[in-house]
Amino acid sequence: MARPVLKWAGGKRRLRFEIDKLLPPGHAGRNYHEPFFGGGAMFFHLEPRGGSINDVNERLIRFYNVVRERPEELIEEVNRYEYGKERFYELRERFNDGGLGQVEEAAIFLYLNKTGYNGLYRVNSKNKFNVPFGKYKNPAIAHPDRIMRASQLFSRFELYCDRFTYVKDVAKEGDLVYLDPPYLPKSDTADFTAYSRLGFGLDDQMMLRDLCLELEEMGVYFIQSNSFVEPIIDAYNDTGFKIHTVNVSRAINRVITDRGRIPEVLITNITA
């Protein structure tokens, strides 16, 4: 099984086996689309044959393009960066100043991801990466085997940096779509949508519900993961879709008592 190249808050590593139970027959032979890609835990778990991936984070998609097209150069470049607090802030400043070449930007992106606090990706109102240094004993920054395998997988896929609704223009009947939107938080303390300059509020969630209805009409299979909150349950109650409740361990939250096993939902039009 391939493994993600990046650490990613909200990743679905702990949820992937619950999602496995809902996959349609013959899923390995179907094209696969993931409009909210992030760290791509499900993608690497499934190793699909082809399709599309998308994310609104421009730097993230540029990083994956380098992984796909120039993996050896990426590995060579990131291996030049020694681990340390001073080096971290030097590279963070360089990353935020911009004007970098594709490989250098991707290498610094990977370095900051593996050495920053909790592997978070967070930007301020000026789109400046502002995650602080993380204290690790001996962090593994570049995993050559993972990068090379990811490059092979990405070669089968189209990469987009667009709104999630792009998928209705590329998915075909019988395809599988996995939707992992920024979760609607239970409280302000759980809100991690600072991941990009674009928030993802209730209006966006309703647009996503409408997209699911369109995918159903197109004969496209979908599985969506989301938070177990009343607005989400209410939005899908009358759609005819299956709503499965699962308990998932979550380690990232600013309030310690909100960490641990919490309920989430898997919503799908797959019945068999």
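Colleague: In this predicted model, which residue in β5 is the bridge partner of V177?

Modeller: The model is a prediction, and in it strand β4, residues 176-179, runs parallel to β5, with four bridges joining the two. One of the pairings places L176 opposite Y221 in β5. For V177, the bridge partner in β5 is F222.

Colleague: Which residue of β4 stands opposite Y32?

Modeller: Strand β1, residues 32-34, is joined to β4 by two bridges, and these strands run parallel. The residue of β4 that faces Y32 is L176.

Colleague: Which residues of β4 are buried on each side?

Modeller: In a regular strand, side chains alternate between the two faces of the sheet. Both faces of β4 are covered, and its buried residues fall into two sets. On one side these are L176 and Y178, and on the other V177 and L179.

Colleague: How many of the seven residues of β5 are buried?

Modeller: Strand β5 comprises residues 221-227 and is largely enclosed by the rest of the structure. That description holds because the number of buried residues among the seven is six.

Colleague: How far apart are the end C-alpha atoms of helix α3?

Modeller: Helix α3 covers residues 58-69, which is 12 residues. At 1.5 Å a residue it should span 16 Å. The model agrees with this, because the end C-alpha atoms are separated by 16 Å.

Colleague: At the start of α3, which residue has a side-chain oxygen that reaches the backbone nitrogen of R59?

Modeller: R59 is one of the buried residues of α3, alongside L60, I61, F63, Y64, V66 and V67. The cover over these buried residues includes β2, α4, α5, α6, α7 and β3. The side-chain oxygen that comes to within 3.1 Å of the backbone nitrogen of R59 belongs to N57.

Colleague: Which residues does D162 touch, leaving aside residues up to four places away in sequence?

Modeller: D162 lies in the loop between β3 (157-160) and α8 (167-170). Its C-alpha atom is 5.5 Å from that of V56, although the two residues are 106 residues apart along the chain. Leaving aside residues up to four places away in sequence, D162 touches N54, D55 and V56.

Colleague: What is the relative accessible area of D162, a partly exposed residue?

Modeller: A residue is buried under 20% and exposed over 50%, with partly exposed in between. D162 therefore counts as partly exposed, its relative accessible area being 39%.

Colleague: What is the phi of E47?

Modeller: E47 sits in the loop between α2 (41-46) and β2 (51-54). It counts as partly exposed, because its relative accessibility is 24%. Its phi is positive although the residue is other than glycine, with a value near 50°.

Colleague: What is the phi of N127?

Modeller: N127 belongs to the loop between α6 (102-115) and α7 (144-154). The residue is partly exposed, with a relative accessible area of 22%. N127 is not a glycine, yet its phi is positive, at about 60°.

Colleague: What radius of gyration does the chain have?

Modeller: The chain contains 10 helices and seven strands, and its C-alpha trace spans about 55 × 40 × 30 Å along the principal axes. For 272 residues, a compact globule would have a radius of gyration near 19 Å. The chain agrees with that expectation, its radius of gyration being 18 Å.

Colleague: What percentage of the contacts in the chain with a separation of 6 or more is accounted for by residues 24 or more positions apart?

Modeller: Buried residues make up 50% of the 272 residues in the chain. Among the contacts with a separation of 6 or more, the share from residues 24 or more positions apart is 73%.

Methods. Residues are numbered from 1 along each chain as its sequence is written. This is a predicted model: local features need pLDDT of at least 70, side-chain atom pairs count only at pLDDT 80 or more; totals for chains, interfaces and linings use all residues. Side-chain values use heavy atoms; hydrogens and water are left out. Buried means under 20% relative accessible area, exposed over 50%, partly exposed in between (1.4 Å probe, protein chains only). Two strands pair if DSSP finds at least two bridges between them. Contact means heavy atoms within 4.5 Å. The expected span of a helix is 1.5 Å times one less than its number of residues. A polar contact is a pair of N or O atoms within 3.5 Å; within protein, one must be able to donate a hydrogen and the other to accept it, and residues adjacent in sequence count only if both atoms are side-chain atoms. The radius of gyration is taken over C-alpha atoms; the globule rule is 2.2 Å times the number of residues to the power 0.38.
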